[in-house]
Every structure is written in C-alpha cells, then in structure tokens.
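Dear colleague,

I am passing on the structure we spoke about, and I would be grateful if you could keep it open while you read the notes that follow.

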Amino acid sequence: MEHVQEHEECLVQTQMYRVERPVYNEEFLQGQLHKKEKTPQPLSQKIAHSCRCSSKKAKSHLYSFLPILKWLPRYPVKAYLLGDIVSGISTGVMQLPQGLAYALLAAVPPVFGLYSSFYPVFLYTFFGTSRHISIGTFAVISLMIGGVAVREAPDEMFNIMESNSTNSTDLLENYKARDAMRVKVAVAVTLLSGIIQLSLGLLRFGFVAIYLTEPLVRGFTTAAAVHVFTSQLKYLLGIKTKRYSGALSVLYSLIAVLSNITKTNIATLVVGLTCIVLLLSGKEINDRFKKKLPVPIPMEIIVVIIATGVSAGMNLSKTHEVDIVGDIPKGLLAPKVPDINLIPAVFVDALAIAIVGFSMAVSMAKIFALKHGYTIDGNQELIALGICNSAGSFFQTFSITCSMSRSLVQESTGGKTQIAGTLSSIMVLLVIVAIGYLFEPLPQTVLAAIVMVNLKGMFKQFGDIAHFWRTSKIELAIWIVAFVASVFLGLDYGLLTAVAFAMITVIYRTQSPQYRILGQIPNTDIYSDMEEYEEVKERPGIKIFQANASLYFANSELYASALKKKTGVDPCAVLAAKKKAQKRHAKELKQTNEHKKKAVLKLTNDMETSIKHEVINDELPLNGKSAGANAQGTSPDELEHFMEPMTNVHCIILDLTPVNFVDSVGAKMLKSVIKEYEEVGVFVCIAGCSGPVMDDLTRLNFFEKSTTRDLLFHSVHDAVLSCHLKHCVWRQRFFVYQLLAMVFKSDYLAFSNGSSSQWAGAQALSEGQLPLTGVRLAVQISNHVGKSEPEI
C-alpha cells in the first residue's frame, strides 16, 4: 500500500504541462469569444413562474416544512430503535432536573421549566432537521428571559421586601402575584422571539447566524456563565437578596451577596456543596470511563432523588429554613393567549434571544451533522425553533434552544434520530401529569448546584484566550469585547456591542489588507510573494503588486499609498525631481552662456571694433547664442539624461485576482493611478480580473477615453510577457536616439517636453527631407512613448 502511494506521489510530482498560445489581453480574448445570448424574462413571467405550483413542487415544499414526513417512513426500526430508546431515557432523566433548575434562572416557578421541557421538544420532532441536538431549556436563554422578567416585574412593584418571614398571608399573595406577572413577561418574550425566528426562516434569513462568529459566541456564553454563576450564589448560600438585571447586574449581585454573607444558612450551604461534590464526581467518572460505560451515570437525577428524600425525611424547610421548590401543580395548563400588551416593552430583548437561541442550535446541529454525514437546513431550523417557541408560549413555556450538555449525552448514548428527543419529552410529561408533586420538597440549593456544575464547560472557554492569542489577535479582541461587554452591560446590550465590534473588525481587515510584491518562480508561470521565498525572482523593471482585499471607498487611498510604497515609485516625487533637474540644467546652461559672453566681451577690448562686430555677427546667429557653444554645451550624455526615465521601473502590474468587487471610488483610483504613472513613463496594466470585477469596471465606465481593455490581461504571466516585449521595443528606440545624437552631435539640438512625436526628426531624415551636413535637426523628446508611434 505504501509503495502504491509513493508511486502515485512520484507521478504527481513528475507531471508536466506545456501550453503554446498567444499573450492574451482582455480586448484580444473577448474578440476570440462569443457571448451566449440571454433573453431577458419579463417580470410578469417571473412572477407567474414563481407562483406556479406542480405536484412535485408542492411535495418538495411539504417535505421541507415537515421533515418528519421524509425520514419517518424510512426509519430502520431494528437498527435505530434501541439506540433511540436508551438515548431518549438518558436525555429525559437529565432534562427533568435541568428544567426545574433553569426555571429559577428564568425567574419563574419550577413547574414552568417542565412545561418548557415538554411542548417545544415534542414539536421539534416534526419540524427540526437535526437528528442529535436536544431542544429544551438552556442556561443562557433562561438567564436572558429572567433578566427581562425581573426588569418588567421587580419585587418593589409587589411590595416584597428583603425579609426572612414567610408566614404572612399578604407576603405569600404578593409572591404569587409577582410570579404570575413574571410568567406573563416570559411568555410574551417567548411568543415574540418565536415570531421573529419564524419570520426570518420563512424569509430565508438563516444566514444571519454568520454574524455571530465563533469567538463572539464563546465570549458571550462565557460571560453568560459568569452571570448565571453569580445569580445562583444566593440560592447556594440560602440568602435572601434582590435579583438584579441590566448593566452592572453582576457587580450588584456580588455586592448584595457579600454584604449578607453573615446571613448564610449553614444547612443550605452544606446540602448545596455536597451536591456539587457528587455532581462533579459523577461527571469525572463519566468522562474518564465513557468508553466502558454503556450509558452515562445519571448523577443529576440521582442527586435530585436523594436530596428530595433527605429534605422530606428531615423536613429541612421547617427545621432548618431551607428553601424548597414548593408547589408543583399536577397536570398540564389549559392553553392561554399571551399578553400582547407587553410586546412593545420586550421587543429588543426578544430579538436578541431569538438570534442567540438560533445561533446556539445551528452551531451544535452543524457539528453533529458534519460528524455523522448528513446536512441540516438553517432556514428550516429557524422555522422549527420559531414554531416551538411561538406555539409553546400558548402553553406557558419560556424560550428554548439547544442544550450543549444534553445534546452530547443524546449523541453519545446512541441517539440516531429525533425519536430520542420525543421519548425524553414523554418522560417529562409523565412527571408533570403523575409524579411532579413528589419533587416539591426538593431544596432550591440542589437546583443551584446542578446549574453551577453544568457551567463547567463554559468556564473552560477561558482557555480560548491563550488559543486566540497564538492564532489570531483580531479574534481574541472579539472574544474579549464580547465577554467584557456582556458581563458589564448585560447580555442584551453586550451582544449588540459584540456584533457591532465584529463588523468593525471586518471593515478594519478590508482597510488593512496584506500588500505584496510578487516575483516569478523560475521556469514557471507561477508568481508568489518576494519576501516569503528565496527562490522567487523579480523581473527587472517590472513590479507586480497584489492586495488581498476588494477596492472600494474604505481602502482605495490606502491601496494607492501602499502601491507607491511597495514599488518604490512615487509619480509625484519623480515629477518633482524631474522638474528640479530641468531647472538645475537650465541654470547651468545659463551660467555657461553668460560666462562665454563675458569671454567674448573681454576679447573685444583687445581687438578693433570692426573685427569685434564681425566676430559677434558670425558667432551669434540665433538669440545671441553661438552654434559652437551649443554644440559643445549639449552633448549626447545630456540627451541621454533627458531621454532615460528617472526610475528603473518601467512597468507595474496590478494583480486583481483576490479582488471580489470594485466600486466607483475604486475605479476612479485605478484610472488616476494609471494616469499618474503614465506621466513619469511607467506603464501600468491590470491582470487577473474576475468576471464580476470586469462587470463592475464596465458598469462604472472604466473603459473610456485613454483607458482601454488592452491594459487588462487574463493572467499575471500574460501581463509580464507583454510588459517585457514593450520594454524591449523601448530599448530599441532609445538605441536609435543615441545613434542620431552621435551622428548629429555638431548640429543644433533643441530639447523640449512637448506632446508631439519623438520620431518626427527620424522620419524626416529617413525620407531625405533634411540633409546630412550643415543641418539643424530639432528633436522633441518626451519620457513616454505614445501608442501612435511606429514600431521598430
């Protein structure tokens, strides 16, 4: 096998290709191709076609909306059923205590956590596309719900003060009224978040999750873990404190707990710490022996059962004033329309909850889909979550999403399809309608311990700081901003801040791309970074410039500046130096002429006046300057000085291969660059434009007047070959100029920088219009060879 692989690698390494073709620029290439004729379809036909519904199309839409119709008839009972049953029972056993615990985070009575663990999970079976995620209560979403509920229904609204007294009938009524109001708020938020998710799914807006990049989500969930942990401290310690929400709520909660630390209930603390130790031990055993254990040890339900039995047997609520779960109504509640009057007050919160919930579910679904070789539909996931939340809100549930810990258990215990989730919801239903009352003595500190232990995985995300420090400083900045903003501003405004910062980093990256000068790998048509590889060589006089970003208003000036810096050719500086050299040369000629005039005047003092006039008339035939003086003062070296460009770069190639689009500002910048370099004798061409970029340039009228399509080349190598040929032609012309200068070095040569052709004198000479002797040949010199000049 190894020998075969080595043979294949050898064949790949020795493969070669040889291509012989003309050098293509875009103008020539487009002339060789014929575009397909496309008949534009009228708008009425487009609308009619989209509204037309065949049986096949209707069936496809039905299967897309109800995925269960597609996979359930093909369900392999013998292969999948046993694994789904074991997985469903394991997940259901885990979902029971988590539903009760996360209800405390949502600031609603525990039984509503059970409702939220039944209705949405059951509905997801019909509409979801992921086979392995466990839908239900989740710490981050529950905490966000609780923050809204506490803000809209604070304790002060119901005259509930910080007191240990629970015997007052009025106080109990106030607690019931507060809880009822908070349930209304939570249900209203759930309805609105579900409608938002459903609307986004129907409008095919599943791509919104891409703005919640992984560093942002991980930083946000780590901050949420800090919020959750802080909120559970009072339950762990048995302290009565106010629940805070909004900006700086973490600091306020810590201060409230620490200021009342002396009021800690020792019995509550002992029970809570004991449960934490048992839960951590159970998780460690499951992690260490997961390959040997047929199913994970359901330590959470074991702890709940033991704690409930101990609390009931010792009557901890009476003897040690340990707070317990309390009343759990038997059976399901009748459907009820949510209070829509609360919707305007919770719209922003519902939007944040909808997006975060969808992002968590889709990210986990993609992980399992990639692992097990199937695909998920992001838009259908939005629809499924939207239906679960909006429909569940009529049965008094609060917002749900995918739970990471339960999903891992569902997948690791052999779950194959959504049947596992259905079985777990049925287990919750049995508890609600039959044995829910048995959990009434359960201490709240046990639920707090379950929540805190489940945060272990989120707190491990602090290790992302070291990881992102090594891999990407920008992603590290996103993680830190998401964490800090979410901790101090609250989860809602923290999320908005993190998303805004992530978008700013995108703008920053496009404004700060990598600029490179490319060189040729010898004997190939491959070009790579000059600074990266030693073997890469640069073509003499040719600079190949590349930037890995699109050209638009935000980075066009930076592109032009980097081009001048990387190529070492600044047209403005070259022109300034050229003008300075011309002025200096003119000054030198003037000084030389003045010196010669003084010499002539001095000579006349020793000669007769008649002789002086003869000499002057003969020596100064034109503007008082002698032909001999000009013949001696203007040498072929000076001619060469003005004819040679002031930089050794004669061609610049702009590689636009990485460019995705060009806007009007970028197109104007390109035209300006071409014009500026043309003035200093540097030819600029463009290579590697994609089809969309060509369309952008055409639409923006880039190919007008002086800028034509022959400046564009299909590849960098085509552009290099063309530039090399152009330079060879230029050197031939320059050699002819040198010969002319040597032939007519005794004649008068007038130099200027006019726009007329350099070839006028050479053409006149070749046509016999000017004699070879006693002639004054006027040759006007420019630094750029125009396209109208004849080929040599």
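**What was found in the model**

Threonine 190 has a relative accessibility of 0% and therefore counts as buried. This residue is found in helix α10, which covers residues 169-202, and, leaving aside residues up to four places away in sequence, threonine 190 touches Ile145, Asn389, Ser390, Ser393, Thr397, Phe398 and Ser399. Please bear in mind throughout that this is a predicted model.

On confidence, the chain averages a pLDDT of 79, and 81% of the residues score at least 70. Two stretches call for care in reading: pLDDT stays under 50 over residues 608-644, for which the model has 38 contacts beyond four places in sequence, and pLDDT also stays under 50 over residues 745-792, for which the model has 71 such contacts.

As for the chain as a whole, there are 33 helices and 8 strands, and buried residues make up 45% of the 792 residues. Of the contacts between residues at least 6 apart in sequence, 82% join residues that are at least 24 apart. The chain exposes about 42,100 Å², and carbon and sulfur atoms supply 61% of that area.

Turning to the nonpolar interior, the largest core has 116 residues, and the residues with the most contacts inside it are Met144 and Leu216. Helix α16, residues 347-372, gives the largest share of this core, with 13 residues. A second, separate core has 48 residues, including Leu670, Val680, Ala687 and Val720. To return to leucine 216, its contacts, not counting residues up to four places away in sequence, are with Tyr211, Ile478, Ala482, Leu495, Ala498, Val499 and Ala502.

The sheet comes next. Six strands form an open sheet in the order β4-β3-β5-β6-β7-β8, and their pairing is mixed. At its edges stand β4 (527-529) and β8 (712-713), each of which has a single partner strand, so one side of each is left without a neighbour in the sheet.

Within that sheet, strand β5 (residues 542-547) deserves a closer look. How many of its residues are buried? The count is 6 of the 6, so the strand is largely enclosed by the rest of the structure. Ile542, Ile544 and Gln546 point one way from β5, whereas Lys543, Phe545 and Ala547 point the other way, and all of them are buried. Strand β3 (residues 515-520) is joined to β5 by 4 bridges, and these two strands run antiparallel; here arginine 516 has glutamine 546 as its bridge partner in β5, while tyrosine 515 is partnered there by alanine 547. Strand β6 (residues 651-655) is joined to β5 by 5 bridges, and this pair runs parallel, with isoleucine 653 of β6 serving as the bridge partner of isoleucine 544.

Glutamine 546, which lies in strand β5, has a relative accessible area of 9%, and because buried means under 20%, this residue counts as buried. Its side chain makes a polar contact of 2.4 Å with the side chain of arginine 516, and another, of 2.7 Å, joins it to the side chain of aspartate 655. Not counting residues up to four places away in sequence, glutamine 546 touches Gln514, Tyr515, Arg516, Leu518, Asp655 and Pro658.

Finally, there is glutamate 538, which lies in the loop between β4 and β5. Is this residue buried, or is it partly exposed? With a relative accessible area of 30%, glutamate 538 is partly exposed. The side chain of glutamate 538 makes a polar contact of 3.2 Å with the side chain of lysine 543, and lysine 543 is itself one of the buried residues of β5. Beyond the residues up to four places away in sequence, glutamate 538 touches Ile517, Gly519, Met530 and Lys543. Between the C-alpha atoms of glutamate 538 and serine 528, which are 10 residues apart along the chain, the separation is 9.9 Å.

With best regards

Methods
Residues numbered from 1 in each chain as written. Predicted model: local features only at pLDDT ≥ 70, side-chain atom pairs only at ≥ 80, totals over all residues. Heavy atoms only, no water. Buried < 20%, exposed > 50% of the residue type's maximum accessible area, 1.4 Å probe, protein only. Contact = heavy atoms within 4.5 Å. Areas by Shrake-Rupley, 256 points an atom, 1.4 Å probe, with all protein chains shown as cover. Pairing = 2+ DSSP bridges. Polar contact = N/O pair within 3.5 Å; in protein donor to acceptor, adjacent residues only side chain to side chain. Core = buried A, V, L, I, M, F, W, Y, C linked by side-chain atoms within 4.5 Å. pLDDT = per-residue confidence, 0-100.
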